[in-house]
Amino acid sequence: MADSSSHDPPKKRRAVKRRKSTRLESVAEIRRALGVNRVVVKRKAASERKTAPKPDIETTRFRPVHRPPMALLCILDDGYEEGQWLRIRSDRVIIGRSEGDVQIPHDTLLSGKHAELSRRLEEGGYRWYLTDLESRNGTYVRVGKALLNHNQELLIGSHRYRFDAAPQRDDEAVSGEKRPKGTHGWQKVAFTEPMPALVQLTSKGDGRRYLLPKAENWLGRGSSCTVVISDDPLLSPEHVRFTRDFKGRWHCRNGDSLNGTWLRIDCMMLDTGCQFQLGEQRFVFKVR
């Protein structure tokens with residue numbers, strides 16, 4: 001892979017460590033959702049096992065201890081979970097349409113310099129980060145679950161959505177704080193109760209608004225879901241669940257969907273591996 005040290009560093013931004021409430025969907029979970037089974041190797045005959053040498057389980061296998069760990073990046077083939085694997089040996093890899101170490105020139109939804117994988121030495125150990133380089137269409141990671149903030153963007157099925165959190169009511173039950181009783185002015189009276197919603201994002205602006213009226217709401221193609229979107233073939237029958245906890249916070253959890261639930265991020269720390277999407281191109285990242 002080409003040395004990326006000649007590139008100017010991106011605009012400095014505060015690195016946001018992945019929140020404990022956000023869990024990236026593991027490669028095993030993704031493979032299970034896709035119905036991919038590992039090849040089962042048959043056991044050898046009993047006579048062969050008797051003559052075979054005993055495995056050495058007491059000796060530690062060699063691993064480098066002074067240099068950073070190796071990482072792998074896979075550019076997935078369209079519609080498959082395999083593709084071209086690249087070994088990352090530098091501390092910084094830029095992915096884009098026309099600039100960077102990994103270029104996907106035929107994907108017009110990619111920005112010239114779209115995202116960056118970077119290795120940083122922190123607290124005596126190396127950590128990898130995925131950072132969006134202020135791209136137009138964003139950087140998305142495939143998640144198993146995540147805490148949602150107001151205006152959080154998601155990729156679900158064929159469409160992108162924005163989570164709109166309802167403003168909290170100013171009363172004792174929600175805030176946990178006692179308020180003096182009294183008469184409010186008419187300007188403070190809400191004629192309709194605000195409700196959280198997913199807003200479909202289109203090239204022309206905000207599209208259809210899907211309300212989340214319950215503490216637990218399923219979205220998918222199935223008729224049993226709270227939010228039914230039957231005309232999206234990339235949605236699973238029960239694709240993703242949105243729940244509100246006792247503190248009033250909203251969470252999403254992927255429902256073993258085939259195509260996954262994707263969270264838009266600015267900068268995220270990667271533990272061991274994940275899938276992420278730039279434009280229409282999907283990638284697998286692993287730390288060895």
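How much accessible surface does the protein have, and what share of it belongs to carbon and sulfur atoms? I looked this up and found about 18600 Å², with 49% belonging to carbon and sulfur atoms. I note here that the model is predicted.

**Overall make-up**

I went through the secondary structure and found 3 helices and 20 strands. Of the 288 residues, 39% are buried. I then turned to contacts between residues at least 6 apart in sequence: 57% of them join residues at least 24 apart.

**Open sheet**

I followed one sheet strand by strand. It is open, holds 5 strands in the order β5-β4-β6-β7-β18, and has mixed pairing. The edge strands are β5 (102-103) and β18 (267-270), each paired on one side only.

I took the pairs in turn. Strand β4 (residues 92-96) runs antiparallel to strand β6 (residues 115-122), with 4 bridges between them. Arg92 has Ser118 in β6 as its bridge partner. Next, β6 pairs with strand β7 (residues 125-132), again in the antiparallel sense, over 8 bridges. In this pairing Arg120 stands opposite Arg127 of β7. The hairpin of β6 and β7 has 2 residues between the strands, and Glu123 there takes a positive phi near 55°. Finally, β7 and β18 are antiparallel over 4 bridges, and Trp128 faces Leu270 in β18 as its opposite residue.

**Nonpolar core**

Which residues touch the most other members of the largest nonpolar core? The core has 43 residues, and the ones I was after are Leu117, Val141, Leu198, Leu219, Phe242 and Phe276. Strand β8 gives the most to this core, with 4 residues. As background, nonpolar side chains tend to be buried together in soluble globular proteins.

I listed the neighbours of Phe276, leaving out residues up to four places away in sequence. Among them are Leu117 and Val141, which are also on the list of core residues above. Phe276 further touches Leu73, Ile95, Leu130, Tyr140, Trp262, Gln281, Arg282, Phe283 and Phe285.

**Two glutamines**

Is Gln277 buried or exposed? Gln277 counts as buried because its relative accessibility is 8%, under the 20% cut-off. Gln277 sits in strand β19 (residues 273-278). A polar atom of the Gln277 side chain lies 3.0 Å from the backbone oxygen of Gly279. Beyond four places in sequence, Gln277 is in contact with Gly138, Thr139, Tyr140, Leu155, Trp262 and Arg282. I checked Trp262 further: 15 residues separate it from Gln277 along the chain, and their C-alpha atoms are 8.3 Å apart. Tyr140, Trp262 and Arg282 also appear among the contacts of Phe276.

Gln152 is in the loop between β8 (139-148) and β9 (153-156). With a relative accessible area of 11%, Gln152 is buried. The side chain of Gln152 places a polar atom 2.9 Å from the backbone oxygen of Arg264.

**Cysteines**

How many disulfides does a search of the whole structure find? I got 0. For reference, a disulfide is a covalent bond between the sulfur atoms of two cysteines. I looked up two cysteines for burial. Cys267 is buried, at 7% relative accessible area. Cys274 counts as buried too, at 1% relative accessibility.

Notes. Residues are numbered from 1 along each chain as its sequence is written. This is a predicted model: local features need pLDDT of at least 70, side-chain atom pairs count only at pLDDT 80 or more; totals for chains, interfaces and linings use all residues. Side-chain values use heavy atoms; hydrogens and water are left out. Buried means under 20% relative accessible area, exposed over 50%, partly exposed in between (1.4 Å probe, protein chains only). Contact means heavy atoms within 4.5 Å. A polar contact is a pair of N or O atoms within 3.5 Å; within protein, one must be able to donate a hydrogen and the other to accept it, and residues adjacent in sequence count only if both atoms are side-chain atoms. Accessible areas come from the Shrake-Rupley method with a 1.4 Å probe; for residues, only the protein chains shown count as cover. A nonpolar core is a set of buried Ala, Val, Leu, Ile, Met, Phe, Trp, Tyr and Cys residues joined through side-chain atoms within 4.5 Å. A disulfide is a pair of cysteine sulfur atoms within 2.5 Å. Two strands pair if DSSP finds at least two bridges between them.
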